[in-house]
Amino acid sequence: MSDDFQPACPIPIGQYEHIVLAHGGGGRLMQQLLERLVQPAFANPYLAARHDSAVFEVGGQRLAFTTDSYVVKPLFFPGGDIGKLAVCGTLNDLAMAGAKPLFLSAALIIEEGLPIADLQRVLESMAATARAAGVMIVTGDTKVVDRGKGDGLFVNTAGIGLVGPGVDISPAQVRPGDAVLVNGDIGRHGIAIMAQREGLAFETTLESDCADLSGLVASLLEAGVEIHCLRDLTRGGLASTLIEIAQSVGLGIALEETAVPVREDVAGACEMLGFDPLYVANEGRFAAFVPAAAAERALALLRAHPLGDNAQIIGRVVAAHGGAVHLETAFGVGRILDLLSGEQLPRIC
């Protein structure tokens with residue numbers, strides 16, 4: 001061994017001098033970025049709620065407000081495109097607070113050289129998705145950046161919605177004994193994007209689950225189902241979402257692997273690529289926390305809707321395993337799920 005060799009400890013996870021892709025991946029590094037930089041910089045009670053939308057009162061009305069940015073690559077993929085994704089994503093964030101979406105904004109960062117036909121196609125997709133949801137895009141902004149500086153097109157959307165009387169949906173409402181449901185199979189969006197990006201072929205067309213969930217949530221609320229918490233399963237997938245909620249409320253979640261719906265083609269692709277479907281992003285799926293007594297009724301209502309026909313009860317909230325998600329595997333072996341440290345699938349939403 002050379003006398004010049006100096007052993008050194010690797011950099012502790014999360015201690016980086018520069019941003020890396022994993023800071024936006026929905027895992028451990030993104031959580032650290034938010035907790036150590038973003039949240040302290042803007043500290044306030046609304047942000048501290050760590051919900052998909054901020055809920056506040058204006059003129060006697062309770063409003064939900066949210067914003068999100070979309071950087072998906074490629075811009076067009078089976079089942080959607082960056083425009084549909086942006087509108088649906090913001091509608092869904094409002095729906096996760098139990099809000100009826102009212103108005104959206106749209107800001108475009110366009111790279112020099114983007115074909116006008118592609119931009120028109122995205123705008124038409126955004127308009128059609130908004131019309132179908134009964135909302136209008138009423139304000140926005142457009143910027144153009146140098147060729148090679150924007151990867152085609154980035155889209156930011158913000159939205160406001162109206163929260164009805166008596167609706168109080170947030171992580172803080174989660175209670176021991178709550179049932180955890182999902183409205184359908186998981187992992188399809190991330191794998192559809194990866195298949196398109198890498199030219200992977202399947203026996204059947206694998207489409208993203210990208211969809212507006214506001215109507216499905218409204219059907220639960222209109223039926224009087226008591227909902228404690230909703231969270232859409234985007235970056236980081238089902239596992240990261242449940243871990244975040246468990247940590248925020250200091251309770252455990254017992255998850256049954258065999259109850260989690262995963263399509264065979266998605267499971268096969270994940271096995272081939274070395275991915276865990278529990279961590280793969282979705283754009284038309286949510287986790288719902290409801291009292292145990294309401295679980296079967298909520299399940300029946302979900303399955304009666306086209307966007308919930310494969311809904312399942314996948315677990316429950318427990319006092320044990322405080323702040324952790326305990327997975328009972330198909331082999332009867334338990335393990336604690338953890339946030340991913342790296343980026344499994346970059347640029348998918």
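Which residue in S7 stands opposite alanine 64? I took this up as my opening entry, working throughout with a predicted model, and I found glycine 161 of S7 facing alanine 64.

**The strand pair.** I then looked up the two strands themselves, and noted that S2, residues 61–70, and S7, residues 153–163, pair in the antiparallel sense over nine bridges.

**The sheet.** I followed the strands outward and wrote down an open sheet of five strands with mixed pairing, in the order S1-S2-S7-S5-S6. S1 (54–58) and S6 (136–145) stand at the edges with a single partner strand each, so one side of each is left without a neighbour in the sheet. For the twist I recorded that neighbouring strands of this sheet are turned by 20 degrees against each other on average, with direction ignored.

**The helix across the sheet.** I next checked H3, residues 82–95, and saw that this helix lies across S2, S5 (99–111), S6 and S7, while running at about 150 degrees to S2.

**The helix pair.** Last, I looked up H5 (residues 188–198) and H8 (residues 264–273), whose axes come within 10 Å and cross at roughly 60 degrees. Angles from 65 to 115 degrees would count as roughly perpendicular and those under 35 as roughly parallel, and H5 and H8 are therefore oblique to each other. I noted the crossing of H5 and H8 as left-handed. On the H5 side I listed Arg188, Ile191 and Met194, which meet Val266, Ala269, Cys270 and Leu273 in H8. Sorted by class, this contact of H5 with H8 has six nonpolar residues, one charged residue and no polar ones.

Key: Residues are numbered from 1 along each chain as its sequence is written. This is a predicted model: local features need pLDDT of at least 70, side-chain atom pairs count only at pLDDT 80 or more; totals for chains, interfaces and linings use all residues. Side-chain values use heavy atoms; hydrogens and water are left out. Axes are lines fitted to C-alpha atoms, for helices over the stretch in contact, and angles run from 0 to 180 degrees between N-to-C directions. Helices (H or I, at least four residues) and strands (E, at least two) are DSSP runs, numbered from the N terminus. Angles under 35 degrees count as roughly parallel, over 145 as roughly antiparallel, 65 to 115 as roughly perpendicular and the rest as oblique. A crossing is left-handed if the near helix is turned anticlockwise from the far one by less than a right angle, and right-handed if clockwise. Contact means heavy atoms within 4.5 Å. Ala, Val, Leu, Ile, Met, Phe, Trp, Tyr, Cys and Pro count as nonpolar, Asp, Glu, Lys and Arg as charged, and the others, Gly among them, as polar. Two strands pair if DSSP finds at least two bridges between them.
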